Amino acid sequence: MECNKDEAIRAKTIAEQRLANKDFTGAKKFTLKSQTLYPGLDGISKMLITLNVYIASEQKINGESDWYAMLDVKPSDDEETFRKQYRKLVLMLHPDKSRRSAYNQG
C-alpha cells in the first residue's frame, strides 16, 4: 500500500504542475489517478472539486461562463437546489470549515 501512496503523490505532483500551467483537463486526469491509487491522500478531493470548477468555467454559453455547470445544477432546478449546491461547494473548499486539509495552489 505504501507503493501506491508514493505513486499517488507522484501523480498529484504532476497534477499540480499541470494546474499551474492551466492544463485543467490534464491535471484532472492525474488527480483522478492519484485518488484511485490512494483515496486518503491529503487535499486530493478538494483538488478534484477545484479542477471541476475550473473546467466548468471554461464552458461558455453565448460568450458567458456556464454558472450552472460550475455549481453542477440544471437551469430547471429550483432555487433551494442552487442554494444547497452553493453552500456545499463553499463548505467543501473553505479551509476553516472543512475537516480535511485545504488544497492550496501556490
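## Contacts and the model

Contact here means that heavy atoms lie within 4.5 Å. With that in hand, take L51. Leaving out residues up to four places away in sequence, L51 touches L19, F24, A27, K28 and T31. The model is predicted.

## The chain as a whole

The protein chain has five helices and two strands. Their order along the sequence is α-α-α-β-β-α-α. The chain holds 106 residues, and buried residues make up 28% of them.

How much surface does the protein chain expose? The figure is about 7,400 Å². Carbon and sulfur atoms supply 50% of that area. Now turn to contacts between residues at least 6 apart in sequence. Of these, 49% join residues at least 24 apart.

## L51 in helix 3

L51 sits in helix 3. Is L51 buried or exposed? Its relative accessible area is 0%, so L51 is buried. The cut-off for buried is under 20%.

L51 also links parts of the chain that are separated in sequence. L19 is 32 residues away along the chain, yet the C-alpha atoms of L51 and L19 are separated by 8.1 Å. L51 appears in the contact of helix 2 with helix 3. L51 appears again in the contact of helix 1 with helix 3.

## Helix 2 against helix 3

Helix 2 covers residues 24-37, and helix 3 covers residues 44-58. Their axes come within 10 Å and cross at roughly 155°. Angles over 145 degrees count as roughly antiparallel. Helix 2 and helix 3 are therefore roughly antiparallel to each other. The crossing is left-handed.

Which residues of helix 2 meet helix 3? They are F24, T25, A27, K28, T31, L32, S34 and Q35. On the helix 3 side, the partners are I44, S45, M47, L48, L51, N52, Y54, I55 and E58. By class, this contact of helix 2 with helix 3 has nine nonpolar, six polar and two charged residues.

## Helix 1 against helix 3

Helix 1 runs over residues 2-20. The axes of helix 1 and helix 3 come within 12 Å and cross at roughly 30°. The cut-off for roughly parallel is under 35 degrees. That makes helix 1 roughly parallel to helix 3. Their crossing is left-handed.

In helix 1, the residues in this contact are K12, A15, E16 and L19. They meet I44, M47, L51 and Y54 in helix 3. Sorted by class, the contact of helix 1 with helix 3 has six nonpolar, no polar and two charged residues.

## Helix 3 against helix 5

Helix 5 spans residues 79-93. Helix 3 and helix 5 pack at an angle of about 130°, with their axes 10 Å apart. That makes helix 3 oblique to helix 5. Helix 3 passes helix 5 in a left-handed crossing.

Helix 3 brings K46, I49, T50 and V53 to this contact. Helix 5 brings L89, M92 and L93. The residues of the contact of helix 3 with helix 5 divide into five nonpolar, one polar and one charged.

## A69 in helix 4

Helix 4 covers residues 67-71, and A69 lies in it. How far apart in space are A69 and A56? Measuring C-alpha to C-alpha, the distance is 5.4 Å, while the two are 13 residues apart in sequence.

Setting aside neighbours within four places in sequence, A69 is in contact with A56 and Q59. A69 has 24% relative accessibility, so A69 counts as partly exposed.

## Two loop residues with positive phi

Where is K22? K22 lies in the loop between helix 1 and helix 2. Phi of K22 is near 60°, a positive value in a residue other than glycine. K22 counts as exposed because its relative accessibility is 62%. The cut-off for exposed is over 50%.

D72 lies in the loop between helix 4 and helix 5. Phi of D72 is near 60°, again a positive value in a residue other than glycine. With 65% relative accessibility, D72 counts as exposed.

How values were computed: Residues numbered from 1 in each chain as written. Predicted model: local features only at pLDDT ≥ 70, side-chain atom pairs only at ≥ 80, totals over all residues. Heavy atoms only, no water. Axes fitted to C-alpha atoms, helices over the stretch in contact; angles between N-to-C directions. Helix = DSSP H or I, 4+ residues; strand = E, 2+ residues; numbered from the N terminus. Parallel < 35°, antiparallel > 145°, perpendicular 65-115°, else oblique. Left-handed = near helix turned anticlockwise from the far one by under 90°. Nonpolar A, V, L, I, M, F, W, Y, C, P; charged D, E, K, R; others polar. Buried < 20%, exposed > 50% of the residue type's maximum accessible area, 1.4 Å probe, protein only. Areas by Shrake-Rupley, 256 points an atom, 1.4 Å probe, with all protein chains shown as cover.
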